[in-house]
Amino acid sequence: MGKDSQIHSLNISNKDLIGHLETSPESRQKLQQAILGYAEDFLNNLKTDKAYQYNRYEKEEQDSFFDIDEAKYPVAEILPFIAERVDKPGINPASGGHLGYIPGGGIYESALGDYLAAVSNRYAGVFYASPGAVRMENALIHWTGKLMGYTGNFGGNLTSGGSIANLIAISTAREAKNIKGKDLESTVIYTSQQTHHSLQKAIKLCGLGECVLRIIALDDDYRIIPEKLNAQIQKDKAEGLQPFLVIANAGSTDVGAVDPLNEIASIAQAHQVWLHVDAAYGGFFQLTAEGKKVLTGIEKADSVILDPHKGLFLPYGSGIVLIKDIAHLAAANSYEANYMQDTKMHQDEMSPAELSPELSKHFRGMRMWLPLKLHGVAPFKACLEEKMELAKYFYSKIKVMGFEVGPEPVLSTVIFRYLPKNTDANEFNAAIVKAIHQDGRIFISSTTLNGQFYMRVAVLSFRTHQREIDLLLEIIKEQVFK
Ligand SMILES: Cc1ncc(COP(=O)(O)O)c(C=O)c1O
């Protein structure tokens, strides 16, 4: 009697609203029709839609439809808003005309992979919770590691992108080399002017900001000069400093430079320094015969990162970190938590949660696995080969048009500028970029090297073909020689 009287009687208000979050087959079908219809229109219009559009809306004009309130709205009202306010202004990363920064495109099958992953909501953090999801992610890491030439007991993690992959790699290097707070001021990190800024962030976030940072000189092709690196390490050692980490590029964002990885790896090995290779952009060119030659030595790195949302053409949200010895990755991310005890009982394979800072995570393996399974690897290779060819084609054409060019592309990036007779070259080239943006059919970005403004083209969207390159050449011709 006493016990019964303590049972809580349910007092649920708004009972009619509770069922709203669960959909019926009919309502799902209606919603799917509307959303898939929208996606179809988006994809079918890509060829004619602009690659870049200025935002027509001033901040004060932003209407309140972005804000969340108590009201509900029909999908027929929501989709036009997304079209106008989200999918139009700014860069269109799905467009084949996107040749700025490092594009990728975003293959459709990945979107469907994300859909499946989200519908099932599989928990890919620990093996026990979803052995299939973890096996799938481990299989992708295994495939990518083998592609890089890794053998033995390597490991890795599927991340949200290259920045987080770099962060995981640097924290692993710090733990593996046992760098403590008291050591920081005598610990040396070697980078170059071409190092991506996400590594500056990673160094800071890993508490390594007080280390000595050496910026190693580059050759005319923006590649680290191995002899300079070696000499600097020797000098630092002689002065009682502790060389810790070398960061090399396998495709720099700026100019697409690939450092001489083989020579750098030998130097790092000889001095027992951790070698990290940022292959966010260049890594998947390893699928091509020519890329393999360019990336020789990558297999010797202690850690490598890649971005499938670049070289595998996935939508944004996909990076990979690989660590040559999985034990270092596990040590850097080890934890104990009583409430996780069940997860240790069924463990055929290591889980992402043991190898990364994340616990609950997006099941991001599906968006990479599904397209690779549906297409096989061959079309990815073919597309990457085409991008290298297109970059060479653009380089030769723009040179003939009288532009000053940077290094011949070893991957798919070209920098170039026009040297006008009577005006400032930096101002002139900046104005050309602005005009290209105003035109909007093709999007390119720019950079500054040694004080000189360069236009840059990075060919990596699977939707970029000769048509887009010829169109860009035409637009440049119109703008420069008008
Ligand atoms: C060479 C390089 N490293 C790292 C990154 C950072 O990757 P993400 O933008 O995926 O975080 C990028 C791209 O932005 C890059 O080009």
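This report walks through the ligand site of a predicted model and then a few individual residues.

## Ground rules

Because this is a predicted model, local features need pLDDT of at least 70 and side-chain atom pairs count only at pLDDT 80 or more, while totals for chains, interfaces and linings use all residues. Residues are numbered from 1 along each chain as its sequence is written, and side-chain values use heavy atoms, with hydrogens and water left out.

## Around the ligand

Start with the shell, where a residue is near the ligand if one of its heavy atoms lies within 4 Å of it. There are 14 residues around the ligand, and S163, T253, D278, D307 and K310 come nearest. By type, the shell splits into two nonpolar, nine polar and three charged residues (Ala, Val, Leu, Ile, Met, Phe, Trp, Tyr, Cys and Pro count as nonpolar, Asp, Glu, Lys and Arg as charged, and the others, Gly among them, as polar).

Now for polar contacts, meaning pairs of N or O atoms within 3.5 Å; within protein, one must be able to donate a hydrogen and the other to accept it, and residues adjacent in sequence count only if both atoms are side-chain atoms. S163 puts a polar side-chain atom 2.6 Å from a ligand oxygen. For H196, a side-chain N or O atom is 3.5 Å from an oxygen of the ligand, and for T253 the distance from a polar side-chain atom to a ligand oxygen is 2.7 Å. On its own the ligand exposes 390 Å², and the protein buries 83% of that (Shrake-Rupley method with a 1.4 Å probe; for residues, only the protein chains shown count as cover).

## Which elements line up there

Helix 6 (162-176) and helix 11 (308-311) are the elements that give two or more residues to the shell. Helix 6 gives the most, with three residues. Helices (H or I, at least four residues) and strands (E, at least two) are DSSP runs, numbered from the N terminus.

## A buried serine

S192 belongs to strand 4 (residues 187-192). S192 counts as buried because its relative accessible area is 5% (buried is under 20%, exposed over 50%, partly exposed in between, with a 1.4 Å probe and protein chains only). A polar atom of the S192 side chain lies 3.0 Å from the backbone nitrogen of Q194.

## Two positive phi values

Y101, in the loop between strand 2 (90-91) and helix 4 (108-120), has phi near 40°, a positive value in a residue other than glycine. Y101 is partly exposed, at 47% relative accessible area.

N178 sits in the loop between helix 6 and strand 4, and its phi, near 55°, is also a positive value in a residue other than glycine. With 46% relative accessibility, N178 is partly exposed.
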